[in-house]
Amino acid sequence: MAAAALEWLAAACLLLAVQVACEYGMVHVVSETGGPKGKDYCILYNSQWAHLPHDLSKASLLQLRDWTTSMLCSPSDLPAKGFSNQIPLVTRGNCTFYDKVRLAQGSGAHGLLIVSKETLVPPGGNKTQYEEIGIPVALLSHKDMLDIFKNFGRAVRAALYAPHEPMLDYNMVIIFIMAVGTVALGGYWAGSRDVKKRYMKHKRDDEPEKQEDEAVDVTPVMTCVFVVMCCSMLVLLYYFYDHLVYVIIGIFCLASSTGLYSCLSPLVQRLPFGKCRICDNSLPYFHKCPQVRMLLLALFCVAVSVVWGVFRNEDQWAWILQDALGIAFCLYMLKTIRLPTFKACTLLLLVLFIYDVFFVFITPFLTKSGNSIMVEVATGPADSATHEKLPMVLKVPRLNASPLALCDRPFSLLGFGDILVPGLLVAYCHRFDIQVQSSRVYFVACTIGYVSVKILLRMMSEILLPTFSSKIFMDSRVTFKYFIHFEFILVYGVSLMVKFHFFLHVAVQFSQHHLLKKLS
């Protein structure tokens with residue numbers, strides 16, 4: 001056992017040593033002829049070759065020379081006058097990164113950009129090679145190279161730099177507030193429905209808009225069926241992504257409009273106007289004389305969903321509609337789906353934990369590409385012809401300038417699973433508070449647990465993000481999110497304290513009664 005543990009530790013250290021070389025940076029390009037304003041492009045570099053300045057003002061603006069007709073693998077590939085005080089652009093392939101950068105450095109280059117038509121990888125080497133080379137080397141995508149020459153022409157200058165990641169990402173603060181607010185509000189709303197059913201007589205009449213949707217209790221069989229359906233859908237998306245992604249988008253539009261209607265209907269019912277009814281109609285689902293205000297609300301919710309569906313790829317503002325629809329959908333699901341017992345909560349999280357571990361860490365050994373099925377589906381396959389993304393996420397654009405915003409993740413994302421799964425536990429705790437008539441101690445403890453988990457994940461991301469490549473970090477996040485089991489620990493601890501307080505109260509009452517009886 002000890003030897004196996006040491007092997008795992010050594011493997012982890014090796015992985016850390018390999019991944020530490022991968023860093024994102026920027027190349028700032030300007031025209032020598034004074035054309036359009038300069039623009040930044042993403043590069044992937046290895047700081048072990050040479051460090052890049054963190055401030056653009058401290059980076060040297062050098063001539064960018066197009067030498068992509070050559071692989072730069074032998075001295076015969078060098079120009080007659082060399083690359084004195086230039087940053088050459090060469091094509092990736094045929095030899096190692098070290099061979100290319102050694103020739104570039106020997107010919108007077110002050111940096112090297114390797115153009116790649118494939119996925120960018122960190123330019124690696126060994127310790128001896130790192131000590132020999134003193135100029136930065138980075139990879140630039142072929143698409144960005146074409147964009148540079150299209151916008152700035154062939155006479156351009158470039159500066160390589162790697163700005164620091166901001167200490168506080170305001171977009172993460174927004175994501176945090178949306179996630180915690182949705183979980184807390186959804187859990188509170190779900191429990192409040194039980195209060196209404198317990199202490200108030202349900203008003204039954206012919207008004208469909210005033211009738212509450214019945215909650216659906218999740219049984220163990222339903223949990224297993226749900227996970228099997230998730231597995232099947234994930235595999236189908238992996239093989240038929242370009243076709244099924246539109247089906248998922250359509251389902252999201254329908255479900256989110258229903259959720260938005262459910263969230264807004266209690267507010268609309270408080271309005272003093274629009275109470276007249278339309279009785280003679282042939283509208284589907286509105287056969288019982290709907291009120292005009294509820295009919296207008298339904299049309300509004302459908303319109304919002306359709307507008308998002310049409311303009312979903314507009315990065316400037318479509319994310320606002322997607323977040324609003326996503327939050328409404330999550331609140332509707334938390335209100336409708338109910339975990340009847342703590343055992344059901346445990347079973348659901350346990351099964352989903354196994355499901356995530358399998359599809360993130362086991363499937364890379366089963367696929368030909370060696371990629372995780374879940375990560376491929378969540379981020380969209382690289383060879384997808386549609387370039388569509390699955391909409392089951394909350395997304396906020398990065399509000400700070402950073403290489404990550406330019407290179408890999410222009411949006412901060414949070415999947416619905418990170419809201420719905422812990423939200424169901426929070427809702428269960430609120431219902432349990434109502435059942436035992438406690439002062440919402442379990443609800444508060446579980447919500448605090450969720451907040452603690454989110455803060456913990458944020459701290460871990462700050463540690464791992466500068467260290468690991470984006471793919472390793474993304475794989476890790478899928479498992480880290482199941483630190484939600486920490487909420488179980490908090491809830492269980494609170495339950496023990498409550499039970500201890502109860503038994504202590506009983507013991508005190510019994511001793512007082514016995515003492516009074518003895519004195520009398």
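User: Helices here are DSSP runs of H or I, at least four residues, numbered from the N terminus. In this predicted model, which residue follows helix 13?

Analyst: Helix 13 covers residues 417-436. The residue after helix 13 has a positive phi, near 60°. That residue is Gln 437.

User: How far apart are the end C-alpha atoms of helix 13?

Analyst: Helix 13 has 20 residues. At 1.5 Å a residue, the expected span is therefore 28 Å. The distance in the model agrees with that: 29 Å.

User: How many of the residues of helix 13 are buried?

Analyst: Buried means under 20% relative accessible area. By that cut-off helix 13 is mostly covered. Out of 20 residues, the buried count is 16.

User: Which cysteines does the disulfide join?

Analyst: The structure holds one disulfide, with S to S at 2.1 Å. The torsion about the S-S bond is -80°, a left-handed link. One partner sits in the loop between strand 3 and strand 4, the other in the loop between strand 4 and helix 2, 22 residues apart. The pair is Cys 73 and Cys 95.

User: Is Cys 95 buried, partly exposed or exposed?

Analyst: Buried requires under 20% relative accessible area, and exposed over 50%. Cys 95 has 21%, so the class is partly exposed.
Its partner Cys 73, at 25%, is also partly exposed.
For Cys 95 the class is partly exposed.

User: Why does Cys 231 form no bond with Cys 230?

Analyst: A disulfide needs sulfur atoms within 2.5 Å. Cys 230 holds the closest cysteine sulfur to that of Cys 231. The gap is too far for a bond, at 6.9 Å.

Key:
Residues are numbered from 1 along each chain as its sequence is written. This is a predicted model: local features need pLDDT of at least 70, side-chain atom pairs count only at pLDDT 80 or more; totals for chains, interfaces and linings use all residues. Side-chain values use heavy atoms; hydrogens and water are left out. Helices (H or I, at least four residues) and strands (E, at least two) are DSSP runs, numbered from the N terminus. The expected span of a helix is 1.5 Å times one less than its number of residues. Buried means under 20% relative accessible area, exposed over 50%, partly exposed in between (1.4 Å probe, protein chains only).
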